[in-house]
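The following exercises are to be worked through with the sequence and the model at hand. Each task is followed by a solution in steps.

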2 protein chains.
Amino acid sequence: MAEIRIRAVEAEDGDNGFFKILSQLTHAPVVPRAKFAELVRKERADGSRTTIVAVTAEGSVVATGAVMMEHKYIRGGGICGHIEDIVVDSEFRKAQLGKKIISKLVEISREKGCYKVILDCAEDNAPFYEKCGFEKKECQMALYF
Amino acid sequence: MAEIRIRAVEAEDGDNGFFKILSQLTHAPVVPRAKFAELVRKERADGSRTTIVAVTAEGSVVATGAVMMEHKYIRGGGICGHIEDIVVDSEFRKAQLGKKIISKLVEISREKGCYKVILDCAEDNAPFYEKCGFEKKECQMALYF
């Protein structure tokens, strides 16, 4: 694991397996280079989201996750962190990489002044997140267009 | 109900009962006027969030809700709408105001091109959201700082 580094996503990661990793989670076709670079630039510029990647020494993306900052009107204008789109390459799941990704996103949320950080997960993954310090709260509802 | 109007939040709503309504949901002290005006200005300018309010003919806020736009890297750079902080004044809960607020936020999400809209709610409120077209998906986990 010594050779795995966690850092913020870069526009070049589009060519380093970023979308291949995301495809292990859901439908994630490659975003055209210019649009991807713009999304990465935007999240850095306005701080609305921090997407991180775990990369090997060779530069291949083997895990990713993101935390989005929600500026609320409750809690005196408090910030809620939303962890989204966590995925670890199936070949790296034994290396506690998931835990490291979550730990980094929680740390970022704390540094940005969030009063809480939340995420939605499948029931089966709840024990993993409990080990990361989370507790079950509500139920997630979805409406697909 | 004819006299209830639903519209985007305005900086003046801070003086019209907006925080009193939010306090029925959770800890929601009044956000100082300048900070509140800046938050309202920001959400309008960048489209990151749309907060709506239901107001009486006299201008009092009696319900509110918001939808936040999450620009993802999955789904070809798709947008997920997050519905947040829904609250209807206890005296107006029989008037289907909650359903109207949700319906408006779903409509906004659709217009903004979201591929889905999600929300977290207490188990007891799931039947209400099912009537609004949502289905139960995952479980929400939270970590409070």
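**Exercise 1.** Which residues does B:Glu43 touch, not counting residues up to four places away in sequence?

*Solution.* The model is a predicted one, in which local features need pLDDT of at least 70 and side-chain atom pairs count only at pLDDT 80 or more, while totals for chains, interfaces and linings use all residues. Residues are numbered from 1 along each chain as its sequence is written, chains are lettered from A and ligands numbered from 1 in the order in which they are written, and side-chain values use heavy atoms, with hydrogens and water left out.

Step 1. Locate the residue: B:Glu43 belongs to helix α2 of chain B, residues 33–46. Helices (H or I, at least four residues) and strands (E, at least two) are DSSP runs, numbered from the N terminus.

Step 2. List the contacts, meaning heavy atoms within 4.5 Å. Within chain B, B:Glu43 touches B:Val9, B:Ser48, B:Arg49, B:Thr50 and B:Thr51, and in chain A it touches A:Tyr73.

Step 3. Compare sequence with space: B:Val9 and B:Glu43 are separated by 34 residues in sequence, and their C-alpha atoms are 9.9 Å apart.

Step 4. Assign the exposure. The relative accessible area of B:Glu43 is 7%, so the residue is buried (under 20% relative accessible area; exposed is over 50%, partly exposed in between; 1.4 Å probe, protein chains only).

**Exercise 2.** Determine how the two chains are related.

*Solution.* Step 1. Chain A is superposed on chain B by a rotation of 180 degrees with 0.0 Å of shift along its axis, at an RMSD of 0.0 Å; the fit is by least squares on the C-alpha atoms of residues with pLDDT of at least 70 in both copies.

Step 2. The two copies are therefore related as by a two-fold rotation axis. In chain A, the C-alpha nearest this axis belongs to A:Cys139, at 2.3 Å.

Step 3. Of the interface residues of chain A, 100% are also interface residues in chain B, so the copies meet through the same surface.

**Exercise 3.** Describe the fold of chain A.

*Solution.* Step 1. Chain A has four helices and six strands, arranged along the sequence as β-α-α-β-β-β-α-β-α-β.

Step 2. The radius of gyration of chain A is 15 Å, close to the 15 Å that the globule rule gives for 145 residues, so the chain is as compact as a globular protein of that length. The radius is taken over C-alpha atoms, and the rule is 2.2 Å times the number of residues to the power 0.38.

Step 3. Of the 145 residues in chain A, 52% are buried.

Step 4. An unreviewed UniProt entry places the feature "domain: N-acetyltransferase" at residues 4–145 of chain A; such annotations may be inferred rather than shown by experiment. Over residues 4–145, chain A is 28% helix and 34% strand.

**Exercise 4.** Classify the ring pairs that involve A:Tyr129.

*Solution.* Step 1. Rings of Phe, Tyr and Trp (its six-membered ring) pair if their centres lie within 6.5 Å; planes under 30 degrees apart count as stacked, over 60 as edge-to-face and the rest as tilted. Over all chains, the count is 14 aromatic pairs.

Step 2. A:Phe128 and A:Tyr129 have ring centres 4.8 Å apart and planes at 70 degrees, so the pair is edge-to-face.

Step 3. A:Tyr129 and A:Phe134 have ring centres 6.2 Å apart and planes at 80 degrees, so this pair is edge-to-face.

Step 4. A:Tyr129 and A:Phe134 are both buried, whereas A:Phe128, at 30% relative accessibility, is partly exposed.
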